[in-house]
Amino acid sequence: MDLSGTNAVDVKAAARQLMVDVGAAGLTLEGVAASGGLALAEVEAAFPHRDDLLTALIIDAYADSATAMEEADRAAVAAGAPAGARLLAVTRALRAWSFAHTAEFTLIYGSPVPGYHAPLDTVAAAARTPAALGAVVRSALEAGELTPPRRQPAGPSLLLPAAVEAFGGAPQAPFADLIERGIVLWSNLIGLLVFQVFSRTHDSVRDQAAYFDYAIAVAAEAIGLDVPLDQHSPTD
């Protein structure tokens, strides 16, 4: 089904607005039609079932957030930034997107929607976030910008072949576990954003943006990458 027409765009816009008020779990096709001033038949023509609409919104959210990261990285590369500054740029971009689109952030990183099971259609879009991080890590490795880790792998690789393939192959020693460490960085990033977007750190941290930068720098140490902190993003 072609979902790229104006009708689908209007329906998704209405659904995003409604999510701000009722959350993804509260979305219904009838509710989207009413809040968007659309006929229910128009909504159903674009998205016959609620799950079709949720899938489209999820794909859009992953794609939009990843695009923000990729654009930030291209700008950093064009400015001649080292890998540590590139990492800070891409993670800041995801943070800015997350605060500007809290409903969509919650849709992809918050609690699962009861009764909804994401189809394989969402996998490629979701993979762009770790891919943006992976591009920076791979570049740092190739440029010799990483410090070898003190802790070496205790056993065989813990990775699935698809993860190794997505990174472009397994690194050689002393960076043999770099992909595993990259996944730690990725999970730390998303966890940190969940804490900040959902106000889990506001009772303990006085400068959320500066703390975000610091936390990314600390997490990056696990992969042997130095993140410069001479400039902070705006305080919020």
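Helices, here and in every view below, are DSSP runs of at least four residues, numbered from the N terminus.

**View 1. The loop between H9 and H10, with Ser199.** In this predicted model, Ser199 lies in the loop that separates H9 from H10. Its phi angle is near 60°, a positive value in a residue other than glycine. Ser199 has a relative accessible area of 43% and is therefore partly exposed, since that class runs between the 20% limit for buried and the 50% limit for exposed residues.

**View 2. The whole chain as a frame for the close-ups.** The chain has 10 helices and zero strands, so that class of element alone appears in the pattern α-α-α-α-α-α-α-α-α-α, read along the sequence. Taken along the principal axes, the C-alpha atoms fill a box of roughly 60 × 40 × 35 Å. Of the 236 residues, 42% count as buried.

**View 3. The cis peptide bond before Pro174.** Between H8 and H9 runs a loop that contains Pro174. The peptide bond that leads from Ala173 to Pro174 is cis, and its omega is near 10°.

**View 4. The largest pocket and its lining.** The largest pocket holds about 460 Å³ of space, and the elements that each give two or more residues to its lining are helix H7 (123-142), helix H8 (161-167) and helix H9 (178-197). H7 supplies the largest share, eight residues. The lining consists of 18 residues in total, and those nearest the centre of the pocket are Pro130, Ala131, Ala163, Ala166 and Trp186. Sorted by class, the lining has 16 nonpolar and two polar residues, with no charged residues.

**View 5. Helix H6 within its surroundings.** Helix H6 covers residues 102-109, and because six of its eight residues are buried, this helix is largely enclosed by the rest of the structure. The buried residues are Ala103, Glu104, Phe105, Leu107, Ile108 and Tyr109. Glu104 also belongs to a network of salt bridges that links it with Lys12, Arg16 and Asp60.

**View 6. The salt bridge between Glu70 and Arg128.** The structure holds eight salt bridges, and in one of them Glu70 pairs with Arg128, with the closest N and O atoms 2.7 Å apart. Glu70 lies in helix H4 (residues 50-78) and Arg128 in helix H7, so the pair ties together parts that are 58 residues apart in sequence. Both partners are partly exposed, Glu70 with a relative accessible area of 25% and Arg128 with 27%.

**View 7. Helix H10, with Asp213 and Tyr214.** Asp213 and Arg92 meet through their side chains in a salt bridge, at 2.6 Å from N to O. The pair links distant parts of the chain, with Asp213 in helix H10 and Arg92 in helix H5 (residues 83-100), 121 residues apart. Asp213 is buried at 0% relative accessibility, whereas Arg92 is partly exposed at 24%. Tyr214 likewise has its place in helix H10 (residues 208-221), but Tyr214 is partly exposed, with a relative accessible area of 46%. Together with Tyr211, Val218 and Leu229, Tyr214 forms a nonpolar patch on the surface, with about 330 Å² of accessible area for the four residues together.

**View 8. The salt bridge between Arg181 and Asp177.** Arg181 forms a salt bridge with Asp177, in which the closest N and O atoms are 3.0 Å apart. Arg181 counts as buried at 17% relative accessibility, and Asp177 is buried as well, at 11%.

Conventions: Residues are numbered from 1 along each chain as its sequence is written. This is a predicted model: local features need pLDDT of at least 70, side-chain atom pairs count only at pLDDT 80 or more; totals for chains, interfaces and linings use all residues. Side-chain values use heavy atoms; hydrogens and water are left out. Patches are made of residues with over 30% relative accessible area and no salt bridge: like charges are joined within 9 Å, nonpolar side chains (Val, Leu, Ile, Met, Phe, Trp, Tyr) within 5 Å. Accessible areas come from the Shrake-Rupley method with a 1.4 Å probe; for residues, only the protein chains shown count as cover. Buried means under 20% relative accessible area, exposed over 50%, partly exposed in between (1.4 Å probe, protein chains only). On a 1 Å grid over the protein atoms alone, a cavity is a set of points where a 1.4 Å probe fits but cannot get out, and a pocket is an open set with protein on both sides within 12 Å along at least five of seven lines; lining residues have an atom within 4 Å of a point. Grid points are joined across faces, edges and corners, and a volume is the space filled by probe spheres set on the points. Ala, Val, Leu, Ile, Met, Phe, Trp, Tyr, Cys and Pro count as nonpolar, Asp, Glu, Lys and Arg as charged, and the others, Gly among them, as polar.
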